[in-house]
Structures are given as C-alpha cells and as structure tokens.
Amino acid sequence: MRILGIESSCDETAAAVVENGERVLSSVVASQLDTHGKYGGVVPELASREHLRAVVPVVRAALEQARIRLEDLSAIAVTEGPGLVGSLLVGITYAKSLCFVSGVPLIAVNHVEGHIHAVILEARGRGEVIPFPTLALVVSGGHTHLFECRAPGQYRLLGKTRDDAAGEAFDKVAKLLGFGYPGGPVVDHLAPFGNPTAIRFTRAKMKGNTNDFSFSGLKTAVLRWVESRGMEQEIERRRELLRTNPRPAPEQWLEVTPAPTLDLLASFQRTVIEELLRHVARAAEQIAAASIIVSGGVACNSGLRQAASAVRLGVPVYFPTPGLSTDNAAMIAAAAFIHLERGDFSAMSLTARANLPLVT
Ligand code: KG4
Ligand code: ZN
C-alpha cells in the first residue's frame, strides 16, 4: 500500500511516498525560508504564491524518486488543517485534481496527527513497536499540545498553550534580538555558549487546567530584560549581518553576540525546556503512559533532546529524526495509512480548515 502525501499548511511545500505506513520511499521538502526570512516571519500571501509555484515539481519529484506512477498509488493524502487557509488550499486543490484524473481515493489528514505519526512511522521502520498508551507532545511554531494516545488514531487532548506556541516564543525572542526567522535553530546553536542559569525567569502561574502551557510571560520578561540593558547597538549589528547574509553561520552570530546575550539565550531556552518537560512528566504520570512522543519543529532542539534523556521520565521517549520533526509530507502519508486501513476516505468536496482540531 503506497500513499502519496502532500503538505502545504505553512511555509513548506512537501510531498512524499510512504509504503505501509512504515517505509519512506521519497520525501521532498521545498522550504520558503528565503522568501519569508527577510520579513521576520511567514507572510501568508507570499506562502500561497510559493506553494503554487512549488507544488507541481515537488509532487513530481516525490513520485519519480519513489519510482511510482500516480495510478499505482493506494491513496493520495493531503493536510486538511490546521494551518493557513490559502496555503492549505493549494495542496488540497492539487491533491483533488490528481485524484480526479487518476481515480485514486483521497484521504484528509490533520497536520497535528501527522506530527505524531512522524515518530510512529520511524519506529515501525526500525521494526520497533511504540508502547501505548503514549503521551504525545506536539511542539512547533503553531502548536504546543499534549495528547493522550491510547492507540494510533485515538487521541484525547490533555493540555495546550494558552497563548504563544513554544516555537513561536523562540521565533519572537530571536527576532527581538535581531537574529531573524526562524529563531529556534539559531537559539539552539548559540545557547550552549551561554550560562543557562544566569537569569532566573519566574514561572507562569496558571489557574485551571495545570496541563496547559503559557509562554507569552517569558517572552515579555525577555523583552523587559532587553529594554533595561540598552542593547540597541548589538541588535543593529546583527540586523546588519542579516542584510549582508540571510543565513549566517553560528560563528558569524558569535562574533556579534556578547556573553550576556548568550547567557540570555541559554537561560531562555532552559526555561522553555523545563516548562515543557515539567508538563510532560506530570501528564505522563496522570495517564500512566508507557511511552512519550515528542514531535514538531521544536523537537529538533538539541537542549530539549538532551534534557529529555537526562531527566529519566521512567518510560522510553521517542523523537523523530530532525528531517521528520519539522514540516514534511512523509508524516502525512504515514498518518493516512490508518485512515486507509479503516476505509476512511474523503469526499471531493474537501476544503481547508484553518483551525481544524485533532480532538473534538
Ligand atoms: O513543525 P514546524 O516546521 O512548523 C509548524 O508546524 O509550526 O516547526 C517550526 C518551528 C519554528 O517556530 C522554529 O523556530 C522551531 O520550529 N524550531 C526550533 C528548532 N528548529 C525549528 N525550535 C527550537 N530549536 C530548534 N532546533
Ligand atoms: Zn508542523
């Protein structure tokens, strides 16, 4: 059973072919970083335009690399939501037209379910079975969600962010300090050069569901810290560097980043990681999880990976490889496999749903 996956919910146009939900035959990702980088974030209108340009060659490349013809596919899966409507529509419209001409059935996939399946896919590929129930933390630029997953396809929402997603906090803090977009990878590279305990940020006090996250207070605390230190000159030097080189290497960033700022980055990253893992540990205990899955762009963070292995959560913790942590289509094709097994196909009236929840 081979499924073509198409993903276009944000700023990556991706297509992949996955066999039996466990073997990636091809995975092609066209990133729009160069388009959005100079604006300090994703510009929705530009994203749709870039998806329109990329979707046909990206799908063609995925089919060619997998050496499969359209008619030989068991299904075509596409991200229905959540995401940017204009971007989602490009993938959905193209997927529907491919189904129409080939007679292959269509499967709609929730992007968040895709992130969870990135991990299940890789474990299956290694011949490993992830023990259920599992606690899934999906942590990216758009999501910070905790789910109980009793079996693939069965989810219960345990908690989510009440304001910014963790990746969004990385991006906003980096932008504020002149590091450009996306901020997560830069902070990840520079944090090891700073002292993570130099600044102690106070933890957000939450009422109600204690599994919920909040990152906007931390972002404001970083803003106050920056304002009180008069850092305009060094921030301007970094913006200058970005104007001459849209993607500076870590060494170049280090030349324009003094020690106190490295301490700030390290302390910020430590606080985010502690917040994520504190919630993970508590929720895993609540549901008596047999394993933990961490996925989404922030799952690339090396500090988070190290901390997760060091805190000994008592059960195995699974991260996807970095290429499957950020947005990709292999995860969409993998998630579609369980829909295919259940005969859960989509009508040709499928449309984009910007706020599609995983659990209703
Ligand atoms: O999953 P993803 O590609 O797209 C969304 O669904 O949002 O995640 C992108 C997010 C961005 O906010 C980016 O800054 C963050 O993931 N990110 C990281 C790292 N790599 C990407 N955050 C922290 N450390 C990283 N190494
Ligand atoms: Zn994502």
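Begin by selecting strands β7 (residues 144-151) and β8 (residues 154-160), which run antiparallel and are joined by six bridges. The model is predicted; local features need pLDDT of at least 70, side-chain atom pairs count only at pLDDT 80 or more, and totals for chains, interfaces and linings use all residues. Residues are numbered from 1 along each chain as its sequence is written, chains are lettered from A and ligands numbered from 1 in the order in which they are written, and side-chain values use heavy atoms, with hydrogens and water left out. Helices (H or I, at least four residues) and strands (E, at least two) are DSSP runs numbered from the N terminus, and two strands pair if DSSP finds at least two bridges between them.

**The first sheet**

Within this pair of strands, select F147, which stands opposite L157 in β8. H145 is likewise placed opposite a residue of β8, namely K160. At the turn of the β7 and β8 hairpin, two residues lie between the strands, and G153 takes a positive phi near 95°.

Move next to strand β6 (residues 134-139). Six of its six residues are buried, so the strand is largely enclosed by the rest of the structure. Here buried means under 20% relative accessible area, exposed over 50%, and partly exposed in between, with a 1.4 Å probe and protein chains only. T134, A136 and V138 point one way from β6, while L135, L137 and V139 point the other way. This fits a general pattern: in a regular strand the side chains alternate between the two faces of the sheet.

With β6 still selected, add its two partners. β6 pairs with β7 in the antiparallel sense over six bridges, and the two form a hairpin with four residues between them. With strand β9 (residues 291-295), β6 runs parallel, joined by five bridges. L135 is a useful residue to display: it stands opposite E148 in β7, and its bridge partner in β9 is I292.

Now colour the whole sheet. Its five strands are in the order β8-β7-β6-β9-β10, forming an open sheet with mixed pairing. β8 and β10 (317-318) stand at the edges with a single partner strand each, so one side of each is left without a neighbour in the sheet. Helix α4 packs on this sheet, touching β6, β7, β8, β9 and β10, and its direction makes about 120° with that of β9. Contact means heavy atoms within 4.5 Å; axes are lines fitted to C-alpha atoms, for helices over the stretch in contact, and angles run from 0 to 180 degrees between N-to-C directions.

**The second sheet**

Select another open sheet, whose five strands have the order β3-β2-β1-β4-β5, again with mixed pairing. Its edge strands are β3 (23-31) and β5 (106-110), each pairing on one side only. Strand β4 (residues 75-81) runs parallel to β5, with five bridges joining them. One such link is that between T79 and its bridge partner V109 in β5. Helix α4 packs on this sheet also, touching β1, β2, β3, β4 and β5, with a direction at about 90° to that of β5. Helix α2 (residues 44-66) lies across β1 (2-7), β2 (12-19) and β3, running at about 20° to β2.

**The zinc ion**

Which residues are the protein donors of the zinc ion (ligand 2)? They are H111 (NE2), H115 (NE2) and D327 (OD), lying 2.0 to 2.1 Å from the ion. Donors are N, O and S atoms within 2.8 Å of the metal (3.2 Å for Na, K and Ca); water is not among the atoms, so sites may look incomplete. H111 and H115 are four residues apart in helix α4 (residues 111-125), and are therefore separated by about one helical turn. Both are buried. Along the chain, the donors follow the spacing H-x3-H-x211-D. The four donor atoms make angles of 94 to 141°, and the site is irregular.

**Two further helices**

Select K96 in helix α3 (residues 85-102). Not counting residues up to four places away in sequence, K96 touches L106, M348, S349 and L350.

Finish at helix α10 (residues 259-286). At 1.5 Å a residue, its 28 residues should span 40 Å, and its end C-alpha atoms are 40 Å apart, which agrees; the expected span is 1.5 Å times one less than the number of residues. After α10 comes A288, whose phi is positive, near 50°.

Key
Tetrahedral: all angles 85-135°; square planar, octahedral: opposite > 155°, others 65-115°.
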